[in-house]
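Me: I've got a structure to look at and plenty of "how do you know?" questions. Can you walk me through it in plain words?

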Amino acid sequence: MKTRIIGTGSCLPENVVTNDDLSKIMDTSDEWISSRTGIRERHLAKEETTASMSTEAARRALENAGVTAKEIDLIILGTVTADHVTPSCACEVQAALGADRAVAFDINAACSGFMFALNIANAYLQAGFYKTALVLGAETLSKIMDWNDRSTCVLFGDGAGAVVVRADENSGLLAFDQGSDGSRGGVLACENRTNNNPLVDTSKDLAYIQMDGQEVYKFAVTAVPSSLQKTIVAAGLTVEDIDYFALHQANIRILQSVAKRLHVSADKFPISLDHCGNISAASVPILLDEMNRKGMLKPGMKIAMSGFGGGLTWASAVVEW
Ligand code: COA
């Protein structure tokens, strides 16, 4: 039995903010941002929330799969920017969809969140506990950006992506790899609420995302090719067998470097970061949905996916479409 992706959906906030728009409110330029990252614009939420975008992405994925909300057994949502500490965003999506049979929970693996969620869903389906699952990655990263730090805030965007997966006898997920290195977690970090009990000094400010860009870059260009190689071999395939590499959309230079290290043409690495920026856990499912709706994904194709980022964490999977 395999875990097959049978539908995709995504949702981006209405507001588009270009690099030129940013250059009007901070000391930056389209030239600096686009030449170092490939990002030209991003969508930033105004009215939208992590839950509202997730719900819309889920509706579109269900429609694409031809599955009703009542058929969903499981909802797993990767995010670091849920609207509430509790209830989880997955429970909010469950309620909004009326998916009352489903068990729903969030997971935090930062930019690997969707891939970790997919692998968890795969484990449940393989074990025979559930048949149909909704797997999401969703973020409103703009609320945890330090808008006075031009080296981070220009990189990220908001949005949500979703897939419907179902246990299938023929095609589906062939192999996966995942890993974590908490000892290097400080290179990409964001404080949560601080302790304000009467025993603690509460003078500390709420902090936003802080990143050592060069360390994260070095991590990505070594961990990702190695994880992809392992997964492809575990799937009984070679790099040449892979039709597309649907990777987390952090930076065009990371994608080009991974392509080079795998000796694969960069044309096999579709991009959405030019119009989305980095949307952490939402990047991979949004990219998959764009590929699916453009008709790029045909039955039998082999797609390698990979997410990587805060934690540090990384995760890859190879699926037969
Ligand atoms: N606009 C203009 N100048 C900027 C800028 C911006 N938005 N952000 C930083 N700069 C300046 C810096 O202040 C620095 O100026 P200085 O030399 O006068 O001190 C200069 O540009 C170079 O900064 P640096 O941080 O060394 O740039 P870089 O070449 O390392 O590129 C990143 C920065 C973030 C693009 C790059 O490190 C990167 O892509 N890292 C990976 C990050 C990532 O993908 N994270 C998410 C993973 S999930």
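Reply: Sure, starting with the labels: helices (H or I, at least four residues) and strands (E, at least two) are DSSP runs, numbered from the N terminus. This is a predicted model, where local features need pLDDT of at least 70, side-chain atom pairs count only at pLDDT 80 or more, and totals for chains, interfaces and linings use all residues. Residues are numbered from 1 along each chain as its sequence is written, and side-chain values use heavy atoms, with hydrogens and water left out.

Me: Okay, where is L312, and what kind of peptide bond joins G311 and L312?

Reply: L312 sits in the loop between β12 (302–309) and β13 (313–320). The bond joining G311 to L312 is cis, with omega about -10°. There's also a cis bond between T86 and P87, with omega about 5°, and P87 is in the loop between β4 (74–78) and α4 (89–97).

Me: What makes A110 worth a look?

Reply: Most residues other than glycine have a negative phi, and most peptide bonds are trans. A110 is not a glycine, yet its phi is positive, about 45°. You'll find A110 in the loop between β5 (103–107) and α5.

Me: Why is the pair F245 and F269 called stacked?

Reply: Rings of Phe, Tyr and Trp (its six-membered ring) pair if their centres lie within 6.5 Å; planes under 30 degrees apart count as stacked, over 60 as edge-to-face and the rest as tilted. The centres of F245 and F269 are 4.7 Å apart and their planes are at 5°, so this pair is stacked. F245 belongs to strand β11 (residues 244–247) and F269 to the loop between α8 (252–262) and α9 (273–276), so the pair links parts of the chain 24 residues apart. By this rule there are four aromatic pairs.

Me: How do you know that D30 and R40 form a salt bridge?

Reply: A salt bridge is a side-chain nitrogen of Lys or Arg within 4 Å of a carboxyl oxygen of Asp or Glu. For D30 and R40 the closest N and O atoms are 3.8 Å apart, so the pair passes. D30 is in helix α2 and R40 in the loop between α2 and β3, ten residues apart. The structure holds 13 salt bridges.

Me: What makes R166 and T132 a polar contact?

Reply: A polar contact is a pair of N or O atoms within 3.5 Å; within protein, one must be able to donate a hydrogen and the other to accept it, and residues adjacent in sequence count only if both atoms are side-chain atoms. The side chains of R166 and T132 make theirs at 2.8 Å, so the distance fits. R166 is in strand β7. Using contact (heavy atoms within 4.5 Å), and leaving out residues up to four places away in sequence, R166 touches several residues, including K2, E71 and L125.

Me: What are the domains, and how many residues does each bring to the contact?

Reply: The domain assignment, automatic or from a database, gives domain 1 (2–169) and domain 2 (174–320). Domain 1 brings 49 residues to the contact and domain 2 brings 43. Their C-alpha centres lie 14 Å apart.

Me: How much area is buried between domain 1 and domain 2?

Reply: Buried area is the accessible area (1.4 Å probe) that two parts lose on being put together, summed over both. Here that's about 3500 Å², with carbon and sulfur atoms giving 65%. Across this interface the rule finds zero salt bridges, while 24 residue pairs are in polar contact (both at pLDDT 80 or more). On the side of domain 1 that touches domain 2, α5 gives the largest share, seven residues.
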